[in-house]
Amino acid sequence: MDIIITGGTGMVGSALTPVLLQQGHTVCILTRDQRESSIPGLRYQRWDVHDETIDAATIAKADAIVHLAGANVGEKRWTHKRKQEILQSRVQTGELISRSLQKLPHHISVVISASGMGWYGPLTDDKKEKGFTETDPSSPDFLGEVCRQWEGALEGVKSTSARLVIYRFGLILSNQGGVFPAFLKPIRFGMAPIPGNGKQFMSWIHIKDAVRLILLALENKNISGVYNGAAPGVVSSDELIRTIGKASGKKTSHPACTGAFIKTRTGGDECGAIEVG
């Protein structure tokens, strides 16, 4: 298969691309800046979301699209400008994909898009007991609205011949990026980076499992619609940090707030100390 990846230089795309190449697929990563590739089977193609331009020949050649583009939610503080960037980077790219498939000749059979567990809102005790299903309405908070518009931007794909598969991923854990290295760094110095008061519940998934889910959607023609992409059950933030500490062999007892990601995702600056290990 010839597979287009948006956001291909990000954490998930960087993990997915070599697996696809090893399986004999060819990969085209859409990027804002044209670049050359020395890796067999991998090429880059420029697209411009603001100018609403995407290479028609690239679309015509492709068999599938994996849509991973979007500004990093946890990278910076959520100023008004940053919130707009987080939202528009997902909505505008999704809309461009939808419009392109509606008007350009193609034989793309499936579009796979990332979304997030933020669709459901904060995971409280009562919600934890009940659980979530893919038919639950989106949360009215910021992340819920981002996910709603993110997924809605791809609705146009349904009017084409392509299947649309959306994964609402939990917190994706990888030692190559994301929040895991941010958690691990202070642990190595004897500090426990506890988000909020440590009682927030988190859904999570390992990067390898996220990649496997994408591969499954590429290969299985019966998969269509929205799916939750997370490990069974949830953990509290202090349980997560405790497990990371044990796995790293470090014992910590000093609290450490972890910056913009934790402050914005939990809605508070409260910090607590726990023993890890």
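Helix axes are taken here as lines fitted to C-alpha atoms over the stretch in contact, and the angle between two of them runs from 0 to 180 degrees between N-to-C directions. The structure described is a predicted model, and the description begins with its sheet before turning to the helices.

The sheet is an open one of 7 strands, arranged in the order 3-2-1-4-5-6-11 and paired in the parallel sense. Its edges are formed by strand 3 (42–46) and strand 11 (225–229), each of which pairs on one side only. Averaged over the sheet, and with direction ignored, neighbouring strands are turned by 20 degrees against each other. At the edge formed by strand 11, the pairing with strand 6 (residues 163–169) is parallel and extends over 5 bridges; within these two strands, valine 165 stands opposite glycine 225.

Helix 3 lies across strand 1 (2–6), strand 4 (64–67) and strand 5 (110–116), and its direction makes an angle of about 170 degrees with that of strand 4. Helix 3 (residues 80–103) also packs against helix 5 (residues 142–152), at an angle of about 20 degrees and with 8 Å between the axes. Since angles under 35 degrees count as roughly parallel, helix 3 and helix 5 are therefore described as roughly parallel to each other, and the crossing of the two is right-handed. On the side of helix 3 the contact is made by Lys83, Ile86, Leu87, Arg90 and Val91, and on the side of helix 5 by Phe142, Val146, Gln149 and Trp150. By class, the residues of this contact comprise 6 nonpolar, 1 polar and 2 charged.

Aromatic rings form 3 pairs in the model. In one of these, the rings of tryptophan 78 and phenylalanine 142 have centres 5.1 Å apart and planes at 65 degrees, so the arrangement is edge-to-face. Tryptophan 78 belongs to the loop between strand 4 and helix 3, whereas phenylalanine 142 belongs to helix 5, so the pair ties together parts that are 64 residues apart in sequence. Phenylalanine 142 is also among the residues of helix 5 that take part in the contact with helix 3.

A further helix pair is made up of helix 1 (residues 11–22) and helix 7 (residues 207–219), which pack at an angle of about 60 degrees with their axes 10 Å apart. This angle makes helix 1 oblique to helix 7, and their crossing is right-handed. Helix 1 contributes Met11, Val12, Ala15, Leu16, Val19 and Leu20, which meet Ile207, Val211, Ile214, Leu215 and Leu218 of helix 7. The contact of helix 1 with helix 7 contains 11 nonpolar residues, with no polar and no charged ones.

Key:
Residues numbered from 1 in each chain as written. Predicted model: local features only at pLDDT ≥ 70, side-chain atom pairs only at ≥ 80, totals over all residues. Heavy atoms only, no water. Helix = DSSP H or I, 4+ residues; strand = E, 2+ residues; numbered from the N terminus. Parallel < 35°, antiparallel > 145°, perpendicular 65-115°, else oblique. Left-handed = near helix turned anticlockwise from the far one by under 90°. Contact = heavy atoms within 4.5 Å. Nonpolar A, V, L, I, M, F, W, Y, C, P; charged D, E, K, R; others polar. Pairing = 2+ DSSP bridges. Phe/Tyr/Trp six-rings, centres within 6.5 Å; stacked < 30°, edge-to-face > 60°.
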